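Hi everyone, thanks for making room for me today. I'd like to walk you through one chain, starting from a single side chain and working outwards. Let me put it up on the screen.

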Amino acid sequence: MRLKKSLGQHILISRGVCQAIAEFLNPEEEDVLIEIGPGTGSLTIEVLKFNFKRLHLVEIDQKMLEKLLFIEDKRVYFHHADATSFDFCSLNSEVRVFGNLPYCAWSGIIVNFILHKNCIKDGLFLLQKEVAQNLQKESSLMSVFVRSFFKVEYLMTVPGRFFRPVPRVQSGLIRLQKHKDTELDLKSYLRFLKEVFKKPKAQLCKKLDAELLESLGIEPTKRVHELKPEDFLRLFLEGGQRGELPPRL
């Protein structure tokens with residue numbers, strides 16, 4: 001089947017890798033699963049070997065979705081939809097999301113995943129290796145947004161030879177396990193992070209109120225890469241959510 005470059009499609013073809021991912025997912029009897037970008041169904045087939053309640057396949061490519069109709073399993077539901085805007089909460093109160101995410105759209109999908117965190121149990125995603133590793137360790141806007149609510153665990157590396165077409169980079173499998181249930185306006189928090197991460201080399205006191213920083217025990221001369229995700233959460237909850245920040249930049 002001809003793939004669309006605009007969608008960044010790289011189909012996972014290794015049965016062994018698909019089996020390993022399915023085992024990491026390890027669905028249980030009452031689980032409601034969502035697979036993003038099932039492609040030709042290689043991973044889907046391995047996941048279906050487990051006992052669980054339902055599996056929703058979310059695929060943006062209509063022709064690819066039609067190719068998946070060979071799957072005749074009463075637990076499977078098909079959705080022609082864009083995962084960057086799909087309403088995960090419309091399917092269940094506690095879903096488990098997984099998939100081989102396209103390199104060109106991973107950030108939008110992950111942001112949408114976080115925005116629906118209240119109805120999500122965990123996530124298992126195959127991303128570009130560098131991106132996966134950075135989400136786990138780096139202090140970047142996306143890393144902070146994800147790790148404010150989810151623990152990031154790097155599980156394994158998948159070489160490019162296991163995909164078609166073969167990408168120039170390796171992929172990495174990560175697990176996102178929810179660890180915080182902080183109630184806040186997620187879209188406002190994301191806007192706050194976008195502002196704070198502008199000019200990342202600037203001192204925090206050039207962006208935020210120095211008294212607020214000091215009241216939270218944060219040195220005003222520090223820079224964003226020196227803070228932990230919980231520091232950004234505290235700053236937002238103490239100032240930004242009340243509309244008192246806005247950043248000075």
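Let's start with arginine 75, which is buried, with a relative accessible area of 17%. By buried I mean under 20% relative accessible area, while exposed is over 50% and partly exposed is in between, using a 1.4 Å probe and protein chains only. Which side chain does arginine 75 meet in a salt bridge? That would be aspartate 73, at 3.0 Å from N to O. A salt bridge here is a side-chain nitrogen of Lys or Arg within 4 Å of a carboxyl oxygen of Asp or Glu. Aspartate 73 counts as partly exposed, at 24% relative accessibility.

Before I go on, some housekeeping. This is a predicted model, where local features need pLDDT of at least 70 and side-chain atom pairs count only at pLDDT 80 or more, while totals for chains, interfaces and linings use all residues. Residues are numbered from 1 along each chain as its sequence is written, and side-chain values use heavy atoms, with hydrogens and water left out.

Okay, zooming out. The chain has 9 helices and 9 strands; these are DSSP runs numbered from the N terminus, with H or I and at least four residues for a helix, and E and at least two for a strand. The radius of gyration is 20 Å, close to the 18 Å that the globule rule gives for 249 residues, so the chain is as compact as a globular protein of that length. That radius is taken over C-alpha atoms, and the rule is 2.2 Å times the number of residues to the power 0.38. Along its principal axes, the C-alpha trace spans about 60 × 40 × 30 Å.

How many of the 249 residues count as buried? The figure is 50%. As for contacts, meaning heavy atoms within 4.5 Å, take those with a separation of 6 or more: residues 24 or more positions apart account for 65% of them.

Now back to the charges. Side chains of opposite charge can pair when their charged atoms come close. A search of the whole structure finds 8 salt bridges, and arginine 96 is a nice place to look. Its side chain meets aspartate 31 in a salt bridge, 2.9 Å from N to O. Aspartate 31 sits in the loop between helix 1 (15-25) and strand 2 (32-36), and arginine 96 in strand 5 (residues 95-100), so this pair ties together parts that are 65 residues apart in sequence. Aspartate 31 is buried at 9% relative accessible area, and arginine 96 is buried at 7%.

Arginine 96 also meets aspartate 122 in a salt bridge, at 3.0 Å from N to O. This pair links distant parts of the chain too, with aspartate 122 in strand 6 (residues 120-128) and arginine 96 in strand 5, 26 residues apart. Elsewhere, Arg15, Glu46 and Lys49 are linked in a network of salt bridges.

And what about a charge without a partner? Arginine 54, in strand 3 (residues 54-59), is buried yet has no salt bridge. The nearest side chain of opposite charge, counting Lys and Arg as positive and Asp and Glu as negative and leaving out His and the chain ends, is glutamate 30, 7.7 Å away. Leaving aside residues up to four places away in sequence, arginine 54 touches several others, including Asp31, Arg75 and Tyr77.

Next, some backbone oddities. Where is the cis peptide bond? It runs from arginine 164 to proline 165, with omega near -10°, and proline 165 is in the loop between strand 8 (163-164) and strand 9 (171-178). Asparagine 26 has a positive phi of about 45° although it is not a glycine; you'll find asparagine 26 in the loop between helix 1 and strand 2, partly exposed at 41%. Lysine 199 has a positive phi of about 50°, and it's not a glycine either. Lysine 199 lies in the loop between helix 7 (186-196) and helix 8 (210-215), and is exposed at 60%.

Last stop: helix 9 (residues 229-238). Its buried residues include Phe232, Leu233 and Phe236. Which helices do the buried residues of helix 9 pack against? They pack against helix 6 (141-147), helix 7 and helix 8. That's my tour, thanks for listening!
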